[in-house]
Amino acid sequence: MQHTLRISEIFYSLQGETRTSGLPTVFVRLTGCPLRCQYCDTAYAFHSGEVIPLDVIVARIAAYHPRYVCVTGGEPVAQPNCIPLLERLCDAGYEVSLETSGALDISMTDVWVSRVVDLKTPDSAEMARNRYENIGHLTQNDQVKFVLCSREDYDWAVSKLIEYRLDARAGEVLFSPSHGQLNARTLADWIVSDNLPVRLQLQLHKILWNDAPGH
């Protein structure tokens with residue numbers, strides 16, 4: 001039986017976030033998410049989408065001749081066939097990243113995948129969904145992301161950074177201001193003042209294209 005996934009969109013653009021920010025990347029956005037973060041900017045991916053066989057998905061990706069592929073959502077891990085897709089992309093020689101809310105088990109993903117794992121802050125409205133067991137699976141190939149809405153979120157994120165020694169567990173710890181809720185310069189000043197071992201992350205796609213679909 002052919003494996004399929006429900007796909008919201010497949011497109012080629014610049015990566016707007018993470019350690020490969022600015023690099024041309026194919027994005028595979030899977031439909032569906034069990035979370036409802038108050039700042040979500042991809043609510044259009046909660047429903048609908050097209051059911052596509054994995055062979056077709058891989059062929060569409062290959063047509064762009066990319067180096068980098070990002071599997072995102074929604075919450076991609078909510079669809080079990082996300083795991084074999086990741087394996088096939090790694091076997092094809094792409095540099096693959098997975099953007100996940102961190103609410104579901106990441107342990108089954110291919111070792112070559114760079115997992116970008118969100119830790120949901122108090123102001124996200126989904127902090128209770130954090131699956132802290134995932135932290136034990138992190139490697140230097142992975143990235144941990146905090147989307148921050150306030151000073152309270154920042155202080156909470158710093159406490160988790162210290163408690164779990166995230167800068168030692170993961171290759172990158174990313175602090176990102178929630179668009180329209182926390183001023184990026186303010187966050188930058190806090191990071192510098194506290195001399196944190198984290199990277200300030202701005203959403204390049206919003207700066208360039210105002211978060212238009214397909215970018």
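**Surface patch, pockets and side-chain pairs**

W209 lies in helix α6, and this residue makes a convenient starting point for a walk through the predicted model. W209 is partly exposed, with a relative accessible area of 30%. Together with L200, L202, I207 and L208, W209 forms a nonpolar patch on the surface, and the accessible area of these residues together is about 440 Å². Helix α6, which spans residues 204-209, gives the most to this patch, with 3 residues.

From the surface, the description turns to enclosed space. A search of the whole structure finds 1 cavity of 30 Å³ or more. About 40 Å³ of space lies in this largest cavity, and its lining consists of V117, L119, R131, N134, I135, L138 and V144. By class, that lining has 5 nonpolar residues, 1 polar residue and 1 charged residue. The charged residue of the lining is R131, because Arg is counted in the charged class.

Open space comes next. The second largest pocket has a volume of about 190 Å³. Its lining is made up of 15 residues, and T20, E95, V96, S97 and S114 are the ones nearest the centre of the pocket. Two strands, β4 (68-72) and β5 (95-100), each supply at least two residues of this lining. The lining of the second largest pocket divides into 8 polar, 5 nonpolar and 2 charged residues.

Charged side chains also deserve a look in their own right. Side chains of opposite charge can pair when their charged atoms come close. In this model the count comes to 9 salt bridges. Among them is the pair E50 and R60, whose side chains meet at 3.8 Å, N to O. E50 lies in strand β3 (residues 50-53) and R60 in helix α1 (residues 54-62), so this salt bridge ties together parts that are 10 residues apart in sequence. E50 counts as partly exposed, at 43% relative accessibility, and R60 is likewise partly exposed, at 35%.

Another salt bridge joins R115 and D142, with the closest N and O atoms 2.7 Å apart. This pair links distant parts of the chain, 27 residues apart: R115 belongs to strand β6 (residues 114-118), while D142 sits in the loop between β6 and β7 (143-148). Both R115 and D142 are buried. A further salt bridge brings together the side chains of D118 and K120, at 3.1 Å, N to O. D118 has a relative accessible area of 9% and K120 one of 5%; both values are under 20%, so both residues count as buried.

A few backbone details complete the picture. A cis peptide bond joins G73 and G74, with omega at about 15°. G74 is placed in the loop between β4 and α2 (82-91). Positive phi values in residues other than glycine include that of T18, near 70°. T18 is found in the loop between β1 (4-14) and β2 (24-30); with a relative accessible area of 7%, T18 is buried. Phi of N195, also a residue other than glycine, is positive as well, near 50°. N195 lies in the loop between α5 (184-194) and β9 (199-200). At a relative accessible area of 67%, N195 is exposed, whereas T18 is buried.

How values were computed
Residues are numbered from 1 along each chain as its sequence is written. This is a predicted model: local features need pLDDT of at least 70, side-chain atom pairs count only at pLDDT 80 or more; totals for chains, interfaces and linings use all residues. Side-chain values use heavy atoms; hydrogens and water are left out. On a 1 Å grid over the protein atoms alone, a cavity is a set of points where a 1.4 Å probe fits but cannot get out, and a pocket is an open set with protein on both sides within 12 Å along at least five of seven lines; lining residues have an atom within 4 Å of a point. Grid points are joined across faces, edges and corners, and a volume is the space filled by probe spheres set on the points. Helices (H or I, at least four residues) and strands (E, at least two) are DSSP runs, numbered from the N terminus. Patches are made of residues with over 30% relative accessible area and no salt bridge: like charges are joined within 9 Å, nonpolar side chains (Val, Leu, Ile, Met, Phe, Trp, Tyr) within 5 Å. Accessible areas come from the Shrake-Rupley method with a 1.4 Å probe; for residues, only the protein chains shown count as cover. A salt bridge is a side-chain nitrogen of Lys or Arg within 4 Å of a carboxyl oxygen of Asp or Glu. Buried means under 20% relative accessible area, exposed over 50%, partly exposed in between (1.4 Å probe, protein chains only).
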